[in-house]
Amino acid sequence: MATPETEIVVEDPTAPSDNSPSVVSTRTVDIVVSLLLLALAALLCFDNWRTGIAWAADGPQAGYFPFYLGLILAAASLYALITSLVTGAGATQTFLTRDQLRRVMQVFIPTLLFCLLTQWLGLYVASFLLIAGFMRIIGRIALWKSMLTAFLFAIIMFVTFDIAFDVIMPKGPLEAAFGY
Amino acid sequence: MEAFGLLLHGFTVLLTWKTLAVMMVGLVLGVFVGVLPGLGGPNGVAILLPLTFTMDPTSAIVMLSCIYWGALFGGAITSILFNIPGEAWSVATTFDGYPMAQQGQAAEALTAAFTSSFIGSLVAVLLITFLAPGIASFALQFGPPEFFAVYLLTFCSFVGLGREDKHKTVISMTLGLLLAGIGMDTVSGTLRMTFGWNELLRHQFPGRGDRTVRHQRNSADHGRAARVAWSHRQHQPARGPQGVEGPAALLGDAAAIVGDRMLARYHARRGDCRLVHGLQPRQALFQGQGQLRQGTH
């Protein structure tokens, strides 16, 4: 086996800087996530208990298996909650800095808008807007390139899903105008 | 040596230029499917199924199986280059492959993955061909309790072998299994955890239900609709009759990916390269197991 001669270093000029102020510590995130998981486990356990967790004549009832999974989930998240509360592990550790948060939000908010717009405008128009907007605003790519890429992408998706594979995707007024 | 004769007969059927070309196309498509994370072999086969509508049965089956085999290798590419397993079964490749790629040995890692994938599948196919008749009678004794025991062992070893906190592994596993349980219980047919919300029932491949509706609508195309219906029937058993085992296996794997990616990150952070020498046997073992598992399903 050849000895490594070159090391690949990937430079990212827009990478979040390391000294950006911390938004939230790992301990806080641990506690919040454990609480959410605990709530989820309680909800699912309750629903499964309502469905039936007993052993019927023909085998386990529908809620039997998920109920016990929920119990295990609750136990594990309770353990996580107690360890972070008692030991305070990760209290000084930064989970997320402000720069990183900004970066995540730059992707999260457009995606959220995309999901909402899909309900009204249909998948294809919404994905056109998402791609064009992303390339133009965040990527700072020339307007015509962004529009062309987004347009071609939407058309290819439409041909692939709606025409070739007969998968019906959510559609809006524009598609209706063309009779689809 | 009846099996050997059958194997040779298979080769005589397959060794034509047309079939080889179909294999080539299938493998290329399969590699694409495998490279895309989240799009696995079974999904790829399901999506590319319409391509085979115009083919004769032999070419169609050759193509679909080649898509599957291509996906088996394709998953390793992203595992090695991006530390993201393209497939559930290439998770193990991230342990050794990505650290190698970081040292500039990506080509060696890809070659090793490809070679071990090839040897693993060859051995698996040969084993299945010659041992299947013998195993068949034994395999029929494998009922739900045995399957449960095997999966329990799998999940226990995830907890035991993972280097992350044990409770985090447990959380991601139970979460995956619970998500798999949403919808219709395959044993009794009762709805569970849907809270009366129909959207939660629609977690299968999106086209399946809609396609039938569409075909009923333009019912002029009877032949094609019948074929789609047939392919649906063919597709169902992969998940259906084994009860919770099918989806649970998939989501258990998904849960494992989450846990194992953390593990792989950990290796990468520490610059842990002691695994390089153990690469080939370990990968061959993992991938061979994956293939055996796929083969017996």
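Which residue forms a salt bridge with D165(B)? The partner is K168(B), and the closest N and O atoms of the two residues are 3.8 Å apart. The structure is a predicted model, and this briefing covers its salt bridges, its cysteines, the fold of chain B, one helix pair and one residue of helix α7. Over all chains, 5 salt bridges are counted, whereas the number of disulfides found is 0.

**Salt bridges**

- The pair D165(B) and K168(B) qualifies as a salt bridge because its N to O distance of 3.8 Å falls within the 4 Å cut-off.
- Both partners have an intermediate degree of accessibility: D165(B) is partly exposed at 39% relative accessible area, and K168(B) is partly exposed at 32%.
- In chain B, K18(B) and D56(B) also join their side chains in a salt bridge, with an N to O distance of 3.0 Å.
- K18(B) belongs to helix α2 (residues 17-35) of chain B, while D56(B) sits in the loop between α3 (41-48) and α4 (57-82), so this salt bridge ties together parts that are 38 residues apart in sequence.
- K18(B) is classed as exposed, with a relative accessibility of 51%, whereas D56(B) is partly exposed at 33%.
- In chain A, D99(A) makes a salt bridge with R102(A), and their closest N and O atoms are 3.6 Å apart.
- Both D99(A) and R102(A) lie in helix α3 (residues 98-121) of chain A, and because they are 3 residues apart there, about one helical turn separates them.
- D99(A) is partly exposed, its relative accessibility being 22%.

**Cysteines**

- A disulfide is a covalent bond between the sulfur atoms of two cysteines.
- The search of the whole structure returns 0 such bonds over all chains.
- Among the cysteines of chain B, C66(B) is buried at 9% relative accessibility, while C156(B) is partly exposed at 46%.

**Fold of chain B**

- Chain B contains 12 helices and 2 strands.
- Along the sequence, these elements follow the pattern α-α-α-α-α-α-α-α-β-β-α-α-α-α.
- Chain B has 297 residues, of which 40% count as buried.
- Among contacts in chain B with a separation of 6 or more, 61% are between residues 24 or more positions apart.

**Packing of α4(B) and α5(B)**

- Two packed helices are described by the angle between their axes and the distance between the axes.
- For α4(B) and helix α5 (residues 91-102) of chain B, the angle is about 50° and the axes are 6 Å apart.
- The two helices α4(B) and α5(B) are therefore oblique to each other.
- The crossing of α4(B) and α5(B) is right-handed.
- On the α4(B) side, the residues in contact are A76(B), S79(B), I80(B), L81(B) and F82(B).
- On the α5(B) side, they are T93(B), T94(B), G97(B), Y98(B) and A101(B).

**F158(B) in helix α7**

- F158(B) is located in helix α7 (residues 144-161) of chain B.
- The residue F158(B) is partly exposed, at 24% relative accessibility.
- Along the chain, F158(B) and M173(B) are 15 residues apart, and their C-alpha atoms are separated by 9.0 Å.

How values were computed
Residues are numbered from 1 along each chain as its sequence is written. Chains are lettered from A and ligands numbered from 1 in the order in which they are written. This is a predicted model: local features need pLDDT of at least 70, side-chain atom pairs count only at pLDDT 80 or more; totals for chains, interfaces and linings use all residues. Side-chain values use heavy atoms; hydrogens and water are left out. Helices (H or I, at least four residues) and strands (E, at least two) are DSSP runs, numbered from the N terminus. Buried means under 20% relative accessible area, exposed over 50%, partly exposed in between (1.4 Å probe, protein chains only). A disulfide is a pair of cysteine sulfur atoms within 2.5 Å. Axes are lines fitted to C-alpha atoms, for helices over the stretch in contact, and angles run from 0 to 180 degrees between N-to-C directions. Angles under 35 degrees count as roughly parallel, over 145 as roughly antiparallel, 65 to 115 as roughly perpendicular and the rest as oblique. A crossing is left-handed if the near helix is turned anticlockwise from the far one by less than a right angle, and right-handed if clockwise. Contact means heavy atoms within 4.5 Å.
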